[in-house]
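Q: I'd like a close look at a single part of this structure, not a quick tour of the whole thing. Pick one stretch and walk me through it, side chain by side chain where you can.

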Amino acid sequence: MPETIKAAEYFQRGGVAPFALTTQVINEKEWTPAVLERRQKELIDKLKAEWRLD
């Protein structure tokens with residue numbers, strides 16, 4: 001099942017994600033390797049800032 005369909009099905013069924021990160025998937029139209037790499041970098045950067053690893 002394409003990711004956009006999966007996300008639409010999940011959220012249309014009244015699914016409420018317990019994590020803010022999970023709800024962000026609805027904003028992506030497609031999941032290409034470039035999108036995954038960008039998303040991974042963003043999340044790692046947030047963790048590094050939160051944990052003061054810089």
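A: A helix here is a DSSP run of H or I with at least four residues, and helices are numbered from the N terminus. On that basis the protein reads α-α-α along its sequence, with three helices and zero strands. Bear in mind that this is a predicted model. The part I'd pick is α3, which runs over 33-50.

Some background before zooming in. The protein has 54 residues, and 9% of them are buried. About 4800 Å² is exposed, with carbon and sulfur atoms supplying 58% of that surface.

Now the helix itself. α3 has 18 residues and reaches 26 Å from its first C-alpha to its last. That is close to the 26 Å expected at 1.5 Å a residue.

Let's start with the charged side chains. In general, side chains of opposite charge can pair when their charged atoms come close. A search of the whole structure turns up three salt bridges, and R38 is a good place to begin. R38 pairs with E28, with the closest N and O atoms 2.6 Å apart. R38 sits in α3 while E28 belongs to the loop between α2 (20-23) and α3, so this pair ties together parts that are 10 residues apart in sequence. R38 also has a salt bridge to E42, where the closest N and O atoms are 3.1 Å apart. That second pairing stays inside α3: R38 and E42 are four residues apart, which puts about one helical turn between them. Put the two together and you get a network of salt bridges linking E28, R38 and E42. As for how open these side chains are, R38 is partly exposed at 35% relative accessible area, and E42 is partly exposed as well, at 34%.

Further along, K41 makes a salt bridge with D45, the closest N and O atoms being 2.7 Å apart. Both K41 and D45 lie in α3, four residues apart, about one turn of the helix. K41 is exposed, with a relative accessible area of 52%, whereas D45 counts as partly exposed at 34%.

Then there's R39, also in α3, and it's a bit of an odd one. With a relative accessible area of 12%, R39 is buried, because the cut-off for buried is under 20%. Yet R39 has no salt bridge. E42 is the nearest side chain of opposite charge, and it is 4.6 Å away. A salt bridge needs the side-chain nitrogen within 4 Å of a carboxyl oxygen, so the gap of 4.6 Å between R39 and E42 doesn't qualify. What does R39 touch instead? Leaving out neighbours within four places in sequence, R39 is in contact with L21, Q24 and W31.

V35 is another buried residue of the helix: it lies in α3, and its relative accessible area is 12%. Once residues up to four places away are set aside, V35 touches E28 and E30. So E28 turns up twice in this account, because it is a contact of V35 and also the partner of R38 across the loop and the helix.

Finally, the far end. W51 is in the segment after α3, and it is exposed at 55% relative accessible area. Together with L47 and L53, W51 makes a nonpolar surface patch of about 350 Å². R52 lies in that segment after α3 too, and it is exposed, with a relative accessible area of 75%. The backbone is worth a look here: phi of R52 is near 50°, a positive value in a residue other than glycine. Most residues other than glycine have a negative phi.

To pull it together: follow α3 and you meet buried V35, then R38 with its links to E28 and E42, then buried R39 without a salt bridge, then the K41 and D45 pair. After the helix comes R52 with its positive phi, along with W51 in the nonpolar patch.

Conventions. Residues numbered from 1 in each chain as written. Predicted model: local features only at pLDDT ≥ 70, side-chain atom pairs only at ≥ 80, totals over all residues. Heavy atoms only, no water. Helix = DSSP H or I, 4+ residues; strand = E, 2+ residues; numbered from the N terminus. Buried < 20%, exposed > 50% of the residue type's maximum accessible area, 1.4 Å probe, protein only. Areas by Shrake-Rupley, 256 points an atom, 1.4 Å probe, with all protein chains shown as cover. Patch = residues over 30% accessible without salt bridge, like charges linked within 9 Å, V, L, I, M, F, W, Y side chains within 5 Å. Lys, Arg positive; Asp, Glu negative; His and termini not counted. Contact = heavy atoms within 4.5 Å. Expected span 1.5 Å × (residues − 1).
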